[in-house]
Amino acid sequence: MLMEKYQGNPIVTIEQVPFRANSIFNPGATRYGNEYLLLCRVEMPNGRSSFLIERSKDGINFVPDSRPCLTPEDHGEFFKYAEWGIEDPRIVKLGVSYYITYTGYSKYMPLVMLAETKDFIKFNVLGPISEPSNKDCALFPEKINGLYWKMDRPSADKSHNIWISSSPDLIHWGQYKILMEPTTGTWENDKIGGSTPPVKTKDGWLLCYHGVRGFGISTLYKIGAVLLDLHEPWKVIGKTAEPVLMPEKDYERTGDVNNVVFANGWIVEDDGTVRLYYSGADTNICLATTTTEELIKACKG
Ligand code: BMA
């Protein structure tokens, strides 16, 4: 496997959450000041998720805040689109603000929500930036050709592909283009979705994505990587033929949803070290490491 799993995994479990909750998983990740910050999905006893921050000085030992920082009830006029919970945040810094794209879940089914924060204390919920059914949205961390860009994963009938679109203001989106489709008959046969937000490298925009394949009544979630053109980000330069991370360990095989590795946050250090914060079996938070160089080489095949 191209990614090395940390020996002490999982690094965060439900036992350390200081209030009643079912599970903690699928964190967005960023550097904030001199800290590593994880914005985690925490499923509350009623089965609806909120976000909880975990902080760390070394990227391995995390300490949770005492209470959730964003809940469905904090969504004001947008509550009806998040009533069943908020899930899978992806964090991108643009200028002085951190923008968070995440799933709002309700009777209308999943859609993409956008929020902004400068301090991870006060969150401005900007509302839906897609219709249902759509999830796995990440913004690009800078403007390209004078516009903001996002990728997301609308679901249409049996089709689960990644699309890319652009916007002048992060709110109004258009110029939709298909970005990636599953390669049939492989580990990503049934559906794919973006995992981590794209990171700029000299070779192109680098990101992880997940691929899903059904086996009988069960599914298997694995993670791959893809490289996009720097100036024309709707063009795929290459993607890994094999997964870079897959469920192997007990903590990835057994949990609320078996046989899942899922990621929506990573931190790429200036020296190219990649820290992927992922979850095993929708039940914990784990760490895997590699380098941008290794991932790029694998994408170029
Ligand atoms: C996806 C999302 C993720 C979850 C994954 C595996 O559709 O709901 O939150 O981790 O399925 O169950």
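In which pocket does the ligand sit?

**Figure 1. Placement of the ligand in the predicted model.** The structure shown is a predicted model. The ligand sits in the second largest pocket.

**Figure 2. Residues around the ligand.** The surroundings of the ligand consist of Asn 26, Arg 41, Asp 88, Lys 135, Tyr 221, Val 257, Val 260, Phe 262 and Asp 282. Sorted by class, this shell comprises 4 nonpolar, 1 polar and 4 charged residues. Tyr 221, Val 257, Val 260 and Phe 262 are counted as nonpolar, while Arg 41, Asp 88, Lys 135 and Asp 282 are counted as charged. Asn 26 is counted as polar.

**Figure 3. Polar side-chain contacts to oxygen atoms of the ligand.** Asp 88 places a polar side-chain atom 2.6 Å from an oxygen atom of the ligand. For Asn 26, a polar side-chain atom is found 3.0 Å from a ligand oxygen atom. For Tyr 221, the distance between a polar side-chain atom and an oxygen atom of the ligand is 3.2 Å. Of the 310 Å² of accessible area that the ligand has on its own, the protein covers 85%.

**Figure 4. The protein that holds the pocket.** The protein contains 2 helices and 22 strands. Its radius of gyration is 18 Å, close to the 19 Å given by the globule rule for 301 residues, so the protein is as compact as a globular protein of that length. Along the principal axes, the C-alpha atoms fill a box of roughly 45 × 45 × 45 Å.

Technical notes
Residues numbered from 1 in each chain as written. Predicted model: local features only at pLDDT ≥ 70, side-chain atom pairs only at ≥ 80, totals over all residues. Heavy atoms only, no water. Near = heavy atom within 4 Å. Polar contact = N/O pair within 3.5 Å; in protein donor to acceptor, adjacent residues only side chain to side chain. Areas by Shrake-Rupley, 256 points an atom, 1.4 Å probe, with all protein chains shown as cover. 1 Å grid on protein atoms, 1.4 Å probe; cavity = no way out; pocket = protein on both sides within 12 Å on 5 of 7 lines; lining within 4 Å. Sits in = over half its atoms within 2 Å of the grid points. Helix = DSSP H or I, 4+ residues; strand = E, 2+ residues; numbered from the N terminus. Rg over C-alpha atoms; globule rule 2.2 N^0.38 Å.
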